[in-house]
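Biologist: I'm new to this one. Could you walk me through it?

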Amino acid sequence: MAGHSKWANIKRREGAHAAMRWRHAADPAGAGLERVQYEGYGPGGAAIMVECITTDRKRVGAEVRRAFVQHGGQLGADGSVSYLFNTVGLLTYPPGTDEERLMQVALEAGAEDVVPNADTSVEVLADPLEFATVRAVLTHCGFAPASAEVTRRAATSLELSGHDAEAMVQLLEALEGLEDVRDVYSNVEISEEVLARYGNRALADLEEVSDTASSTERQTSRWLPHSIRRS
């Protein structure tokens, strides 16, 4: 839908924290880790799936439940929302990609669908079993994807706006910030306006915290001995 973004398409993990999660995922048994999946509902009834890699099922379960409750959601039973998601191979291409030619090559390579987005970026969907072959053929034909992964994708989407949208963003952020969470999936679509407003607010809060910390540091330094200040 024009003017809206699927959360899964705009959230990308960065940094060492994410790299550590993926290392755990590659060999969960080697470090005494296990995979745990949680399903639930966010504000407005949005479906959410949370995949974790953990050594402490009880702890991570409590953390996930707390995040849901604090941000207007609730955990559901196993199978309550998982049926809404399909496992797919997803390849993405930036705006300006030759959509017609990409579609021809992708379908010939065995892709299931080619999906153009409102911003003219393009997504190629493939069966997970055919994912490696489709990616190799596309790359060979000059269509190396900007990103490529086997992931979960909602069969239908739910558009949120206003307070529900902002609360949903906060819930997804809280879940993704948990140490043992590997992936978070949702069927939500949130307007670019809400995302921008939330982003600006978060940045303002961060700057306020930074300014407060700097002010506190300046005030504290006035009372420190010179030798400590220099060190």
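What follows is a short chat about this predicted model.

Biologist: Let's start with the core. Which helix or strand gives the largest share of the largest nonpolar core?

Modeller: That core has 24 residues, and Ile48, Val50, Cys52, Val64, Met168, Leu175 and Ile190 touch the most other members. Strands E2, E3, E10 and E11 and helices H3, H6 and H7 each supply at least two residues. The largest share, 6 residues, comes from H6.

Biologist: How far does H6 reach from its first C-alpha to its last?

Modeller: H6 covers residues 162-176, so 15 residues in all, and at 1.5 Å a residue you'd expect 21 Å. Its buried residues include Met168, Leu172 and Leu175. In the model, the reach is close to that expected span: 22 Å.

Biologist: Back to Cys52. Is it buried or exposed?

Modeller: Look at its surroundings: leaving out residues up to four places away in sequence, Cys52 touches Glu34, Arg35, Val36, Tyr38, Val60, Val64, Asp180, Val181 and Arg182. Its relative accessible area is 1%, and the cut-off for buried is under 20%, so Cys52 is buried.

Biologist: And Cys141, how does that one count?

Modeller: Its relative accessibility is 37%. That falls between the 20% and 50% cut-offs, so Cys141 counts as partly exposed.

Biologist: How many disulfides does a search of the whole structure find?

Modeller: A disulfide is a covalent bond between the sulfur atoms of two cysteines. The search covers the whole structure, and the number it finds is 0.

Biologist: Now Thr54. Which residue's backbone nitrogen lies 2.9 Å from a polar atom of its side chain?

Modeller: Thr54 is found in strand E3, residues 47-54. It is buried, with a relative accessible area of 1%, and among the residues it touches are Gly32, Leu33, Arg59 and Asp180. The backbone nitrogen 2.9 Å from that polar side-chain atom belongs to Asp56.

Biologist: What about Ala111: buried or exposed?

Modeller: Ala111 sits in the loop between helix H4 (99-109) and strand E6 (113-116). Setting aside neighbours within four places in sequence, Ala111 is in contact with Ala106, Val124, Leu125, Ala126 and Val134. Its relative accessibility is 10%, and the cut-off is under 20%, so Ala111 counts as buried.

Biologist: Last one: what separates the C-alpha atoms of Ala111 and Pro128?

Modeller: Along the chain, these two are 17 residues apart. In space, their C-alpha atoms are separated by 10.0 Å.

Terms used
Residues are numbered from 1 along each chain as its sequence is written. This is a predicted model: local features need pLDDT of at least 70, side-chain atom pairs count only at pLDDT 80 or more; totals for chains, interfaces and linings use all residues. Side-chain values use heavy atoms; hydrogens and water are left out. Helices (H or I, at least four residues) and strands (E, at least two) are DSSP runs, numbered from the N terminus. The expected span of a helix is 1.5 Å times one less than its number of residues. Buried means under 20% relative accessible area, exposed over 50%, partly exposed in between (1.4 Å probe, protein chains only). A polar contact is a pair of N or O atoms within 3.5 Å; within protein, one must be able to donate a hydrogen and the other to accept it, and residues adjacent in sequence count only if both atoms are side-chain atoms. Contact means heavy atoms within 4.5 Å. A nonpolar core is a set of buried Ala, Val, Leu, Ile, Met, Phe, Trp, Tyr and Cys residues joined through side-chain atoms within 4.5 Å. A disulfide is a pair of cysteine sulfur atoms within 2.5 Å.
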